[in-house]
Amino acid sequence: MKEAIFGPAGMNLDGNLEAHLAVLLYLGTALLLAMGASAGLYFLIRRRWRWAGRTALGLLAVAAAYLAVLAGFSLASQEMVLAPGENKYLCALDCHAAYAVVEVKQEKTVGGPAHPVAARGTFYVVTLRTWFDGSTTAPWRPKT
């Protein structure tokens, strides 16, 4: 199991922001962009071209900063290859969804008998098992 790296105030710095902080940053950015777009539209209607241009540049800067942070975290993340049957958990706000590869088959054709599709090479048919892992819910959620 990989050890987590903790920074100031106990923030987990292993490449995954806490889900709550990530959602707040996403929603805050969306709100900032919506407010900026509204202000830009106001300036355009009032024919204040200089302010409309400044607002557009601000919107581009916010969008570029958000995309840079997103790309940075993506580039800093590590690829993990899981063995068949090994679980992968995706963190949500207060619980985890789990996935596991159950089976991988190689097939030359897929589809039903009425509409078979032939591969130019090989199809890989992957069977996944997915479930909600109740043992990983947040402490404030009732256990079901």
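## The loop between the helices

In which part of the chain is the place of R47? In this predicted model, R47 belongs to the loop between α1 and α2. The backbone of R47 has a positive phi of about 60 degrees, although R47 is not a glycine. R47 counts as exposed because its relative accessibility is 62%, and the cut-off for that class is over 50%.

## Overall plan of the chain

The loop with R47 can now be placed in the wider architecture. The chain contains two helices and three strands. Read from the N terminus on, these elements follow the order α-α-β-β-β.

Some totals describe the chain as a whole. It has 144 residues, and buried residues make up 10% of them. The accessible surface comes to about 11,500 Å², and carbon and sulfur atoms account for 65% of that surface. Among the contacts with a separation of 6 or more, 41% are due to residues 24 or more positions apart.

## The helices and a nonpolar patch

Helix α1 covers residues 19–45, and helix α2 covers residues 49–76. A nonpolar patch lies on the surface of the protein, with an area of about 470 Å². Its members are L41, L44, I45 and W49. Helix α1 supplies the largest share of this patch, namely three residues.

L44 serves as an example from the patch. This leucine is located in helix α1. L44 counts as partly exposed because its relative accessibility is 43%, and this class lies between the limits of 20% and 50%.

Residue T55 offers a view of the other helix, since T55 is located in α2. Is T55 buried or exposed? T55 counts as buried because its relative accessibility is 15%, and buried means under 20%. When residues up to four places away in sequence are not counted, T55 touches G36, A39, G40 and F43.

## The three-stranded sheet

The strands form an open sheet in the order β1-β2-β3, and their pairing is antiparallel. The edge strands are β1, residues 87–91, and β3, residues 117–133, each of which pairs on one side only. On average, neighbouring strands of this sheet are turned by 35 degrees against each other, with direction ignored. As a general principle, the strands of a sheet pair through backbone hydrogen bonds, in either a parallel or an antiparallel manner.

How many bridges join β1 to β2? The two strands run antiparallel and are joined by five bridges. Within this pairing, L90 stands opposite A97 in β2.

Strand β2 spans residues 96–110 and pairs with β3 in the antiparallel sense over 13 bridges. Two of the facing positions can be named here. Y99 has T130 of β3 opposite it, while A100 has R129 of β3 as its bridge partner. The hairpin of β2 and β3 has six residues between the strands, and in this hairpin G111 takes a positive phi near 100 degrees.

## V104 and V125 across the sheet

Two valines illustrate the contacts of β2 and β3. V104 lies in strand β2, and V125 is found in strand β3. Which residues are in contact with V104, leaving aside its neighbours within four places in sequence? They are Y124, V125 and V126. V104 can also be compared in position with P84: these residues are 20 residues apart along the chain, and their C-alpha atoms are separated by 8.4 Å.

Viewed from β3, V125 touches E103, V104, K105, E107 and V110, again not counting residues up to four places away in sequence. The C-alpha atoms of V125 and E103 are separated by 8.1 Å, although the two residues are 22 residues apart along the chain. V125 is partly exposed because its relative accessible area is 29%, a value that falls between the limits for buried and exposed residues. In general, the side chains of a regular strand alternate between the two faces of the sheet.

Methods:
Residues are numbered from 1 along each chain as its sequence is written. This is a predicted model: local features need pLDDT of at least 70, side-chain atom pairs count only at pLDDT 80 or more; totals for chains, interfaces and linings use all residues. Side-chain values use heavy atoms; hydrogens and water are left out. Patches are made of residues with over 30% relative accessible area and no salt bridge: like charges are joined within 9 Å, nonpolar side chains (Val, Leu, Ile, Met, Phe, Trp, Tyr) within 5 Å. Accessible areas come from the Shrake-Rupley method with a 1.4 Å probe; for residues, only the protein chains shown count as cover. A salt bridge is a side-chain nitrogen of Lys or Arg within 4 Å of a carboxyl oxygen of Asp or Glu. Helices (H or I, at least four residues) and strands (E, at least two) are DSSP runs, numbered from the N terminus. Buried means under 20% relative accessible area, exposed over 50%, partly exposed in between (1.4 Å probe, protein chains only). Two strands pair if DSSP finds at least two bridges between them. Axes are lines fitted to C-alpha atoms, for helices over the stretch in contact, and angles run from 0 to 180 degrees between N-to-C directions. Contact means heavy atoms within 4.5 Å.
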